[in-house]
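Dear colleague,

I am handing over a structure that you have not worked with before, and I would be glad if you could look through it alongside the notes below.

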Amino acid sequence: MVFRKPPDGGWGWVIVVVSFFTQFLCYGSPLAVGVLYLEWLDAFGEGKGKTAWVGSLANGIGLLASPVCSICVSSFGARPVAIFSGFMVAGGLMMSSFAPNIYFLYVSYGIVVGLGCGLLYTATVTITCQYFDKRRGLALGLISTGSSVGLFIYAALQRELIELYGLDGCLLIVGALSLNILACGSLMRPLESSSSPPPEKTCVEKVPDQYFVYHEKEKTVEENISILEKGYIDEKCVNNVPDCKQESILTKNVLSSININEKDTYKKKVVEQTNFCKQLAKRKWQLYLTYWKETMVLFKNKVFSALFVAILLFDIGGFPPSLLMEDVARSANISEDDYYMPLISIIGIMTTIGKLILGILADFKWVNTLYLYVTTLLMTGVALFAIPFAKSYLTLAMLSGILGFLTGNWSIFPYVTTKTVGIEKLTHAYGILMFFAGLGNSLGPPIVGWFYDWTQEYDTAFYFSGFCVLLGGFLLLLAALPCWNACTNQSFKLPPNTYSYKVASNA
């Protein structure tokens with residue numbers, strides 16, 4: 001497949017619009033799952049830790065399966081994957097409305113919806129990168145806000161639908177809305193070269209079929225030889241009847257020798273194919289070994305190792321508020337009459353603002369993106385420590401806005417990774433980091449929920465979350481100090497073989 005040069009416009013803006021709405025539709029419910037979390041607690045009567053697994057799986061499984069998502073998009077294309085994933089997300093949401101227990105939700109909502117979101121994220125990013133080169137940063141920034149806007153709208157939408165139609169009706173309606181992903185996916189036209197003429201047939205391909213003596217795919221060697229023998233003898237008998245018998249004997253001798261040669265050719269071909277398979281398996285094994293060697297080279301970089309720990313701890317401690325903040329307000333006995341806006345909606349809109357502002361700051365040359373990222377981690381840790389002291393809607397709303405803004409540091413994380421390992425190793429390093437980010441997303445809410453089940457209050461849980469984020473921030477700050485420059489700024493050059501894949505990411 002031959003791709004044209006990215007047009008940086010034209011149909012590319014249609015791709016941006018449909019990618020924005022795709023992320024809006026697929027990530028809206030999983031990111032605003034905190035509203036559903038309260039209903040599931042009441043409906044199934046399970047512990048908070050066990051119930052929190054549903055939302056954490058939905059948000060973490062896409063990151064954990066990012067290599068698989070990349071392989072699917074590379075193999076089948078963005079449009080087929082987007083359409084198929086639209087069915088996955090819609091089907092998973094609708095199936096969740098019939099869930100008899102929490103374990104059913106682990107599969108229908110956590111795995112099916114989560115994996116569909118991961119595939120859709122990879123598809124939207126891939127098709128956008130194909131259409132944009134010079135304006136790629138702007139295009140990716142626009143589509144990434146779709147998930148944050150979805151969080152803002154779906155938090156209020158799901159609350160209203162639950163009041164009108166109940167939990168089951170809410171999930172059915174949200175699932176039906178997700179079917180609009182199919183329309184968005186159908187507009188993701190691949191950027192192929194339609195002007196290049198098809199390759200001309202070779203001389204062998206132009207020869208009519210009746211002139212072929214040996215058809216490997218259609219007949220065996222013996223069948224082809226018998227057909228040739230019969231046709232050759234019949235032709236001689238018609239033209240020269242007296243010599244028919246003599247020619248027949250001669251032809252049989254000649255064709256028998258051809259038969260032996262063809263069988264030898266078959267044996268040689270089988271041996272060649274066997275050797276080829278062995279060489280291919282050996283080469284693949286060498287590629288895997290080289291990949292792991294390159295990975296170990298990355299971890300020799302102290303800043304990268306600290307970044308790996310920081311992103312894992314940040315997602316363990318920083319993700320739970322977006323899932324549990326509504327339950328925190330209910331546990332603080334805040335009246336629903338005091339609610340002006342769902343806390344999750346505040347997190348969503350402030351995340352959008354944070355992505356834009358932090359992304360703009362990262363473009364200034366005088367701003368060190370690594371120190372900027374460390375600052376957001378330390379401030380997030382302090383905000384998490386303050387949650388147990390918030391006993392009113394106003395203070396929880398302020399903390400939700402601060403946490404939402406700081407969570408927008410996802411927009412500068414690729415910049416930080418590039419600064420740490422270099423552009424040539426970005427995709428390799430980013431894929432590893434996103435895998436552990438998904439692990440943190442999956443573990444964070446259940447851990448906080450288990451703390452509540454153990455202590456019957458959220459104070460200890462958020463002290464633990466704040467400690468995790470602060471620990472990751474201080475480790476990264478320590479590794480980034482100038483005294484480590486002599487060690488961390490060494491140029492670790494990867495071997496010639498490179499491994500790059502796009503990854504599904506959290507919003």
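What follows is an account of the aromatic rings and of the charged groups that sit over them.

Please keep in mind throughout that this is a predicted model. The count of aromatic pairs comes to 14. One of them joins Phe24 and Tyr154 in an edge-to-face arrangement, with 5.6 Å from centre to centre and 70° between the planes. Because Phe24 belongs to helix H1 (residues 11-31) and Tyr154 to helix H7 (residues 136-178), this pair ties together parts that are 130 residues apart in sequence. Phe24 is buried, at a relative accessible area of 13%, and Tyr154 is buried as well, at 1%.

Another pair is formed by Phe451 and Phe464, whose ring centres are 5.0 Å apart and whose planes meet at 35°, so the pair is tilted. Since Phe451 lies in helix H18 (residues 426-455) and Phe464 in helix H19 (residues 459-480), the parts that this pair ties together are 13 residues apart in sequence. Phe451 is buried, with a relative accessible area of 18%, whereas Phe464 is partly exposed, with a value of 27%.

To return to Phe24 and Tyr154, ring pairs link these two with Phe20 and Phe21 into a cluster.

Finally, there are charged groups over rings: Lys48 lies over the face of Tyr452, 4.5 Å from the ring centre, and the charged end of Arg189 sits over the ring of Trp11, at 4.2 Å from its centre.

With best regards

Definitions and conventions: Residues numbered from 1 in each chain as written. Predicted model: local features only at pLDDT ≥ 70, side-chain atom pairs only at ≥ 80, totals over all residues. Heavy atoms only, no water. Phe/Tyr/Trp six-rings, centres within 6.5 Å; stacked < 30°, edge-to-face > 60°. Helix = DSSP H or I, 4+ residues; strand = E, 2+ residues; numbered from the N terminus. Buried < 20%, exposed > 50% of the residue type's maximum accessible area, 1.4 Å probe, protein only. Lys NZ or Arg CZ within 6 Å of the ring centre and 35° of its normal.
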